[in-house]
Amino acid sequence: MEVAQSTTLPPAQPVYVLRGHTAQIHAVHFLRQNLRLLSGDAEGWVVLWDVPIRRPVAVWRAHKSAVLTLDTWDDDKIITHGRDNKLCVWQLRQEDEGSLSTTLPIDDAESERKKPWLLHSLHVNALNFCSFAMCRVPDSASILIAVTGIQDGHVNVTALPSEDRVATIIDPKSIQTGMCMAIGLHYTGNKLHVIAGYESGFVCVFTKDAATNHWQAIYTHKPHTQPILSLDIAPSLGYFYSSSADDIITRHPLLLHTSEPKTLRTRHAGQQSLTVRHDGRIFATAGWDGRVRVYSAKSMKELAVLKWHKEGCYAIAFADSVDENVSGDEVAKRELTVSEQRVQMTKAMHWLAAGSKDGKVSLWDVY
């Protein structure tokens with residue numbers, strides 16, 4: 001008697017797992033055409049990884065307590081946000097990497113390391129674990145940084161490099177918001193939209209009224225029963241998404257009257273670090289159950305579940321879109337070396353990085 005063979009595919013496995021931290025990973029971020037990856041942990045350590053060879057090229061303790069968020073300002077400036085109430089902008093060009101330590105925290109978590117050049121250090125509120133948001137100012141070299149204010153529900157927006165405060169946004173008094181838990185920034189033309197997710201489960205979008213010069217909430221919705229954990233924007237689709245400590249993911253209209261909010265009950269509580277990929281096709285969440293879930297941005301259908309970590313995941317990042325055909329004329333005319341092949345392959349892969357409570361960062365190739 002013949003036994004039918006199962007057609008079930010084996011579970012997906014990460015391409016590689018980076019092991020260098022002793023504390024849980026709170027933030028990850030790709031940069032430099034995906035050839036570098038930043039990871040930040042609960043003890044304030046930041047590691048800059050060389051993705052093609054999977055080795056550290058710079059290690060320093062950026063904060064005295066947990067790293068909340070990592071981002072980049074161009075290719076030479078790294079922004080770190082810590083629970084020590086500091087937001088720091090470090091200059092770290094590729095040519096500077098050789099001057100910094102490569103000793104990982106897992107090998108030595110006590111000794112001080114040389115730090116990159118500190119360009120800016122802002123005193124910010126980090127009591128509620130809310131990550132900062134960043135966006136570029138149109139037709140300018142400046143960026144905007146949004147963080148929570150000292151008072152519950154407030155959002156402060158600061159311009160860099162000037163360090164000028166450009167806005168203080170107060171939560172609507174007609175609703176009970178509690179603390180601000182997640183922030184987003186987006187320009188439509190020259191009009192800035194500030195998105196805030198709150199402890200009470202409310203989500204609001206604010207713009208400045210041209211007549212009164214005051215910030216007003218133009219969208220208010222309460223899709224969640226628990227505090228907002230994360231939100232991200234899909235500008236090409238005209239949506240933004242929110243996740244919470246409950247099992248709900250919600251898609252919101254970025255502009256008024258363009259569509260109605262859509263809610264997905266996932267049956268998986270505690271999905272955070274919701275991140276939309278740059279092409280707007282998919283988004284993913286990091287789950288307290290150790291699983292990374294990938295969804296269609298349009299239909300919100302669950303497409304994949306990535307399971308490798310045994311403990312909760314707290315941070316994810318997608319790689320940037322890179323033109324796979326871009327190469328120097330000289331390189332294009334000859335056969336690539338092994339090192340060059342590795343670099344080209346790294347640029348071309350659709351990376352997703354996931355950081356976990358176990359101190360490890362898994363690298364996946366998705367869609």
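**A walk from an exposed loop to the core**

At 83% relative accessibility, Asp139 counts as exposed, because the cut-off for that label is over 50%. In this predicted model, Asp139 is a handy place to start: its phi is positive, at about 55°, even though Asp139 is not a glycine. You'll find Asp139 in the loop that links β10 and β11.

Now jump to Met300, another non-glycine residue with a positive phi, here near 65°. Is Met300 buried or exposed? With a relative accessible area of 2%, Met300 is buried. Its place is the loop between β24 (291-296) and β25 (302-307).

Back to the strands around that starting loop. The largest nonpolar core has 23 residues, and the members touching the most others are Leu144, Val155, Val157, Leu185 and Val194. Two or more residues of this core come from each of β10 (133-136), β11 (143-148), β12 (155-160), β13 (165-169), β14 (180-188), β15 (191-198) and β16 (203-208). Apart from this core lies another one, made of 19 residues, including Leu37, Trp45, Val47 and Ala353.

It's worth zooming in on Val194. Which residues does Val194 touch, once those up to four places away in sequence are set aside? The set is Val155, Val157, Ile169, Gly184, Leu185, Cys204, Val205, Phe206 and Trp215. Among these partners, Val155, Val157 and Leu185 share with Val194 a spot on the list of core members that touch the most others.

One last stop is the loop between β12 and β13, where Pro161 sits. The peptide bond leading into Pro161 from Leu160 is cis, its omega being near 15°.

Technical notes
Residues numbered from 1 in each chain as written. Predicted model: local features only at pLDDT ≥ 70, side-chain atom pairs only at ≥ 80, totals over all residues. Heavy atoms only, no water. Core = buried A, V, L, I, M, F, W, Y, C linked by side-chain atoms within 4.5 Å. Buried < 20%, exposed > 50% of the residue type's maximum accessible area, 1.4 Å probe, protein only. Helix = DSSP H or I, 4+ residues; strand = E, 2+ residues; numbered from the N terminus. Contact = heavy atoms within 4.5 Å.
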